[in-house]
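Hello,

Here is the structure we talked about, together with some notes on what came out of it. Please read the notes with the coordinates open.

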Amino acid sequence: MKNIKSLIIALIVLTSSTQIKAQAVTTSTAVNNVVTAYYGVKNALTADNNNLAQASAKALLAAITAVPMDKFTADQHNLWMSYSTKLQFDGRHIRESSALDHQREYFTSLSKNLYELVKGLKMNTAVIYEQYCPMKKATWLSETSEIKNPYYGKQMLTCGKVTETLSPATK
């Protein structure tokens with residue numbers, strides 16, 4: 001039953017990655033689709049669900065690929081180029097591994113790099129919370145201020161604190 005549930009969730013995530021490609025018309029939309037796909041990975045790790053983390057990482061990689069780099073300004077393009085390869089590297093490691101500890105190891109780097117990219121691009125359309133786990137000494141991004149720790153999942157779900165809030169970008 002658990003395998004069937006994981007398979008259904010994976011199919012939903014894969015379907016949404018196709019929708020992400022179809023929606024990615026502007027750079028702002030595309031970057032926000034990357035952030036949304038990242039939240040899928042984060043939420044899967046929070047739930048200790050390695051299969052969903054793999055499927056969500058696949059959706060993340062699709063969202064990264066769908067970003068129309070030719071629509072960035074020169075400075076945005078340079079920033080994107082300095083982080084997109086790192087994001088893809090971490091995403092591939094999460095997608096290719098079924099070990100939660102390995103997925104979480106690469107999630108640390110993924111979170112740090114995505115934070116720097118989003119902060120620099122200033123294209124987020126929703127508030128993004130940077131949160132910190134003192135036990136892991138690592139950060140992650142969240143769509144809510146409520147702490148749900150992806151590094152320890154159900155073990156230490158509420159361990160952490162908000163360290164920064166990125167307000168939505170103004171047009």
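**Cysteines and a helix pair**

The sulfur of Cys 159 has its closest cysteine sulfur in Cys 133, at 4.7 Å, which is too far for a bond. Please keep in mind that this is a predicted model. Seen from the other side, the closest cysteine sulfur to that of Cys 133 is in Cys 159, again 4.7 Å away and too far for a bond. A disulfide would need the two sulfur atoms within 2.5 Å, and the count by this rule is 0 disulfides.

As for their surroundings, Cys 133 has 0% relative accessibility and therefore counts as buried. Cys 159, at 19% relative accessibility, also counts as buried, because the cut-off for buried is under 20%.

The other item is a helix packing. Helix α3 spans residues 50-65 and helix α4 residues 74-96; their axes are 8 Å apart and meet at an angle of about 155°. Angles over 145 degrees count as roughly antiparallel, so α3 is roughly antiparallel to α4. The crossing of α3 past α4 is left-handed.

On the α3 side, the contact is made by Ala 53, Gln 54, Ala 57, Lys 58, Leu 61 and Ile 64. On the α4 side, the residues are Trp 80, Ser 84, Leu 87, Gln 88, Gly 91, Arg 92, Ile 94, Arg 95 and Glu 96. Sorted by class, this contact has 7 nonpolar, 4 polar and 4 charged residues.

Regards

How values were computed
Residues are numbered from 1 along each chain as its sequence is written. This is a predicted model: local features need pLDDT of at least 70, side-chain atom pairs count only at pLDDT 80 or more; totals for chains, interfaces and linings use all residues. Side-chain values use heavy atoms; hydrogens and water are left out. Axes are lines fitted to C-alpha atoms, for helices over the stretch in contact, and angles run from 0 to 180 degrees between N-to-C directions. Helices (H or I, at least four residues) and strands (E, at least two) are DSSP runs, numbered from the N terminus. Angles under 35 degrees count as roughly parallel, over 145 as roughly antiparallel, 65 to 115 as roughly perpendicular and the rest as oblique. A crossing is left-handed if the near helix is turned anticlockwise from the far one by less than a right angle, and right-handed if clockwise. Contact means heavy atoms within 4.5 Å. Ala, Val, Leu, Ile, Met, Phe, Trp, Tyr, Cys and Pro count as nonpolar, Asp, Glu, Lys and Arg as charged, and the others, Gly among them, as polar. Buried means under 20% relative accessible area, exposed over 50%, partly exposed in between (1.4 Å probe, protein chains only).
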